[in-house]
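Good morning, and thank you for making time for this presentation. Please look at the sequence and the structure as they come up, and keep both in view while I speak.

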Amino acid sequence: VCVCFRVSHWRVSVVEGLLVGFTKTEQKRKSSFHSTSTILAAFLHCTPTTTPTMPVTKPGVIVDQVTVKGTQEQVFRALANFQNTSSWDPGVTASVKADPAQPVGVGSRFDVTTVFKGKESQITYEITELEYPRRVKLVGTNDMLCSTDTIVVEPSSSNPSTHATVHYTAEIKLLGWKSIFVYFLKGALNDIGNHAMQGMERYFNEQDAALQDGNEVVH
């Protein structure tokens, strides 16, 4: 049984990229000191040089919010339809609904392809909870991690008829021996997450078509 915590798909690529590199080093070199130095160097290399705007509240847990163009319902539909992820997250190269004929709702599955430093990774997400038009929860898994995205959309307090505020909560649990490395992910997760939230803001604020991308969501 995999115990899942909240995470964001854009973390998957950086996590797998770093852990795969560590695993290969471990296979080639038996020295645990050398292997630990290698993974720590990789994490330090990913630490952003600017002040992060996605605070890590505890190891593996990140929360952020952004206000975007569109009503609460329009923004919620577009984000809950997770096959649109590749349109706003630069770390995602593809997101395909497993059953194209199925309306988007609880039970919908999406095959997501992420990329980090040229390495592609796969993770399958499933909508486990959907409270239209406010909250959606997706659980994603592969052989390295168990993850969840929780997205809450509310009318903007300043412009409720034209804008909405997106609250994104993310947490990650690495599986098996990799679990300890969640303590070193702060910088890398902030960097990848910042790019995704900026992409989300551009997606809604610059493309009117984005507001039509989720019309099939069940409610």
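Arg 109 stands opposite Glu 126, a residue of strand β5. The model we are viewing is a predicted one. Arg 109 belongs to strand β4, which covers residues 109–116, and eight bridges join β4 to β5, residues 119–131. The two strands run antiparallel. Another pair of facing residues here is Val 115 and Glu 120, the latter in β5.

How many residues lie between β4 and β5 in their hairpin? There are two, and Lys 117, in the turn, has a positive phi of about 50 degrees.

Let us now go to the neighbours of these strands. On one side, β4 pairs with strand β3, residues 92–97, in the antiparallel sense, over five bridges. In that pairing, Val 96 stands opposite Asp 111 of β4. Strand β5, in turn, is joined by seven bridges to strand β6, residues 135–141, and these two strands also run antiparallel. Tyr 125 has Gly 140 in β6 as its bridge partner. A hairpin is formed here as well, with three residues between β5 and β6.

I turn next to the charged side chains. Side chains of opposite charge can pair when their charged atoms come close. A search of the whole structure finds six salt bridges, and I shall discuss some of them.

Glu 129 is a useful place to begin. The side chain of Glu 129 meets that of Arg 135 in a salt bridge, at 2.5 Å from N to O. Glu 129 also meets Lys 137 in a salt bridge, at 3.8 Å from N to O. Salt bridges that share partners join Glu 129, Glu 131, Arg 135 and Lys 137 into one network.

Are the members of this network buried or exposed? Glu 129 counts as partly exposed because its relative accessibility is 31%. Lys 137, at 22%, is likewise counted as partly exposed. Arg 135 has a relative accessibility of 18%, and therefore counts as buried, the cut-off for buried being under 20%.

A further salt bridge is found in helix α3, residues 72–80, which holds both Glu 73 and Arg 77. The closest N and O atoms of this salt bridge are 3.6 Å apart. The two residues are four apart in the sequence, about one turn of the helix. With a relative accessible area of 38%, Glu 73 is partly exposed, whereas Arg 77 is buried, at 15%.

Beyond this helix we come to Asn 84, in the loop between α3 and α4, the latter being residues 85–88. Asn 84 counts as buried because its relative accessibility is 8%. What does the side chain of Asn 84 reach? It reaches the backbone oxygen of Ala 78, at 2.9 Å. Asn 84 may also be placed relative to Lys 97: the two are 13 residues apart in sequence, and their C-alpha atoms are 9.7 Å apart in space.

Finally, I ask you to look at the surface. Ile 180, Tyr 183 and Phe 184 make a nonpolar surface patch of about 340 Å². Tyr 183 lies in the loop between β8, residues 163–174, and α5, residues 186–206. Why does Tyr 183 count as exposed? Its relative accessibility is 58%, and exposed means over 50%.

To close, let me recall three places to revisit on the screen. The first is β5, joined to β4 by eight bridges and to β6 by seven. The second is the salt-bridge network of Glu 129, Glu 131, Arg 135 and Lys 137. The third is the nonpolar patch of Ile 180, Tyr 183 and Phe 184. Thank you for your attention.

Technical notes:
Residues numbered from 1 in each chain as written. Predicted model: local features only at pLDDT ≥ 70, side-chain atom pairs only at ≥ 80, totals over all residues. Heavy atoms only, no water. Patch = residues over 30% accessible without salt bridge, like charges linked within 9 Å, V, L, I, M, F, W, Y side chains within 5 Å. Areas by Shrake-Rupley, 256 points an atom, 1.4 Å probe, with all protein chains shown as cover. Salt bridge = Lys/Arg side-chain N within 4 Å of Asp/Glu carboxyl O. Buried < 20%, exposed > 50% of the residue type's maximum accessible area, 1.4 Å probe, protein only. Pairing = 2+ DSSP bridges. Polar contact = N/O pair within 3.5 Å; in protein donor to acceptor, adjacent residues only side chain to side chain.
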